[in-house]
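Got your viewer open? Let's take a walk through this structure, one selection at a time.

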Amino acid sequence: MSGKPGATSEQITLTDIDVEQRGHDNSYLENQIVQSLSWKNVTVVVPDRETKQPKEILSAINGEVAAGEMLAIMGPSGCGKTTLLNVLAQREASAKAKVSATVCINGQTPPDSAFRRLSSYVEADDALIGSLTVKETLSFAAKLSLSGVVTATERIRRVDELLQSFGLMNQANILIGTLVRKGISTGQKRRLSVAAQLISAPKILFLDEPTSGLDSAASYKVMSYVRNVAKKNKLIVIASIHQPATKTFELFDKLLLLSGGKTCYSGSIADVKPYFDKIGFEMPVQTNPADFVLDLTNIDFESDGDVAQGKIAQLQEAWASSPTALDEKARIAAEYNSTSEPLTLASEPMHRRYMTATLILLHRSFIKSHRDVVVYGIRFGMYLGLAIMMGTVWLRLVPIQSNMQPFTNCIMFGSCFMSFMAVVYVPAFLEDRMVCIKERANGMYGTTAFLLSNFLIGLPYLFIIAFVSSTFTYWMTNFRPDGQAFMVWVMWMYLNLVAAESLVVLMSCLFPNFVGALALTAMANGIWMACDGFMVQLPALNPFYRYVFSYIDYQAYVFGGLVVNEFGYRIYKCAETPDGCWCQWDTPLKSQCLIEGVAVLNQYGYRLGETSKHVGITLGIIFGMRLMGWAAMQWRK
Ligand SMILES: Nc1ncnc2c1ncn2[C@@H]1O[C@H](COP(=O)(O)OP(=O)(O)OP(=O)(O)O)[C@@H](O)[C@H]1O
């Protein structure tokens, strides 16, 4: 973005007090800072997907919106609406895009941080936590953006005001809805998404397709709530919108119509018809103006491509040379030239207070974790079922030679399957991640607070799962009957679950879509299972798998730890034969027809006395996976 050196007029300073002082008489939402938002020469060039040559997807777009006005950005699919909205909101326009643009508030180009404090962006798809109620959603948004900035009483007042303003008072205590529990309607979710972004009192609101997926009645309702709030508080609203009904279209004050990345109209809604009549595209009476302009600019379904392109070029040229366009350009330039003080921001960016944010997120995750069965409930049930199944399949094994292999198999099955079943966590983590991405982009908190709270909230639940499931498997199977040995078993199972969940988090951060994350986690589990030393003992493992995977295979350390726990300190009876006794392994106790379990450890290459080292390595692997997950989320910013 281009900046402007040496400016002179009123300086915009947004302090904490500034945020708080919005009246106890007036609404806190009231905008007394931003008089106008304008932009000139917004041009975006991307390397074309096929030819790799530079391709202009937005060309020299100008526009302006005053306080209290709502602007609709419209045009056929692919005309550049979202790209423009992203540029105006100072977000990444498109992958590898080169952006040249001047975006001004009151004629000044504010620093990015000031711009972010003054604006909020509501994305096309709602990212809400389904297990929270409507009121809780707003309360957490308030805590995350305003803790330490306004008092708790003021936060509650803001939440109530927003519930009232968006017609959500009657739904305040209703859950938003999860995969297994129906909640509020799609239109109510949209209103809630907008309301949640208003809690920090932005002066400019960007809405990406706020009515997508809604019928015309619900679309009208959403936009009329937005309009009422915007008018009452003099907010600027800029929304990209598809095919609104006449009533919804008329809620807007201005239209910016794009086609092929260029402007075909920019101005008031009231002037749409006169303008198009004047340039020779007469709008029939009783026609929805939104439908009319979209039909005019959409050439996707035209049979004669050259004629259609010619029509679009005619519309673009007509606009570029129109007196209205030239006036608008001159006005924006004059406003830009008349001011010069740089904008400053007095307070620290909110996400710096990550300890506070971590605690608030922990509280929110706690509510989600016990209300939403998908998070831990389903896993608890599955692990319990698996534990009982294992306990009954390998029921009451006595310590005799012929049961040494079944004991080993049970350890292998338990450690691998416990890890594998963590894939059930993928959808819950992806929901949280999506919410985090949006809240982070609006400056509410950072990746560290999110991943730290996500890690901490899992620890007690995973311990409960490990303890309860181990209680069934361990005692029903008849592993070494010793309280301390049981607790060592629980510890390894716990580490296994924490590592498995860390793997899910890493894969979901690297490939944040359901199928991708699921497939990769399953594949990684397959590799860990194959290289954990049971299928092929480590000395015999192919060097590639041995050196690339086996040393970072947490399942290998878990399997080894459990095998040592069972066989390191137990004696088994050899098989009785008609000739007396047959021992599979020679150990010092052979003369007594007994085998020391250590023989099994020798077979697998495990040694006693390495538990602490292996616990340390497993903790290191867990830490490494979490760190890589963090890096992946930061990298995808
Ligand atoms: N790397 C690229 N190579 C070629 N074209 C690209 C590239 N990146 C973006 N585009 C094009 O830029 C245009 C603008 O995309 P954008 O998402 O802003 O459109 P839109 O109007 O919001 O579309 P929709 O209404 O369908 O969401 C699209 O036609 C898109 O195909």
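**Stop 1: around the ligand**

Start by selecting the ligand: 15 residues surround it, and the closest are Ser 77, Gly 78, Lys 81, Thr 82 and Thr 83. (A residue counts as near a molecule if its C-beta atom, placed from the backbone, lies within 6 Å of it.) Now colour β2 (36–47), β3 (54–66) and α2 (81–88), the elements that each give two or more residues to this shell. Which element gives the most to the shell? That is α2, with three residues. Helices (H or I, at least four residues) and strands (E, at least two) are DSSP runs, numbered from the N terminus. By residue type, the shell has four nonpolar, seven polar and four charged members. Here Ala, Val, Leu, Ile, Met, Phe, Trp, Tyr, Cys and Pro count as nonpolar, Asp, Glu, Lys and Arg as charged, and the others, Gly among them, as polar.

Before you move on, keep in mind that this is a predicted model: local features need pLDDT of at least 70, side-chain atom pairs count only at pLDDT 80 or more, and totals for chains, interfaces and linings use all residues. Residue numbers run from 1 along each chain as its sequence is written.

**Stop 2: the whole chain**

Zoom out. You should find 23 helices and 15 strands in the chain, and its C-alpha atoms fill a box of roughly 110 × 60 × 50 Å, taken along the principal axes.

Next, give two colours to domain 1 (13–126 + 201–346) and domain 2 (351–533 + 613–635); these bounds come from an automatic or database domain assignment. Their centres, taken over C-alpha atoms, are 46 Å apart. Where the domains touch, domain 1 supplies five residues and domain 2 supplies four. (Contact means C-beta atoms, placed from the backbone, within 7 Å.)

**Stop 3: the cores**

Select Ile 73, Met 74, Leu 138, Ala 195, Phe 206, Val 237 and Ile 238: they have the most contacts inside the largest nonpolar core, which has 102 residues. Such a core is a set of buried Ala, Val, Leu, Ile, Met, Phe, Trp, Tyr and Cys residues joined through C-beta atoms within 7 Å, and buried means 20 or more other C-beta atoms within 10 Å of a residue's own. Helix α4 (residues 134–146) gives this core the most, seven residues. Click on Leu 138 and look for its partners, including Val 159, Leu 162 and Ala 195.

Last pick: Val 423, Ala 428, Tyr 572 and Met 633, which belong to a second, separate core of 61 residues.

Terms used:
Two residues are in contact if their C-beta atoms, placed from the backbone, lie within 7 Å. A residue is buried if 20 or more other C-beta atoms lie within 10 Å of its own, exposed if 12 or fewer, and partly exposed in between; C-beta atoms are placed from the backbone. Lists of a residue's contacts leave out its neighbours within four places in sequence.
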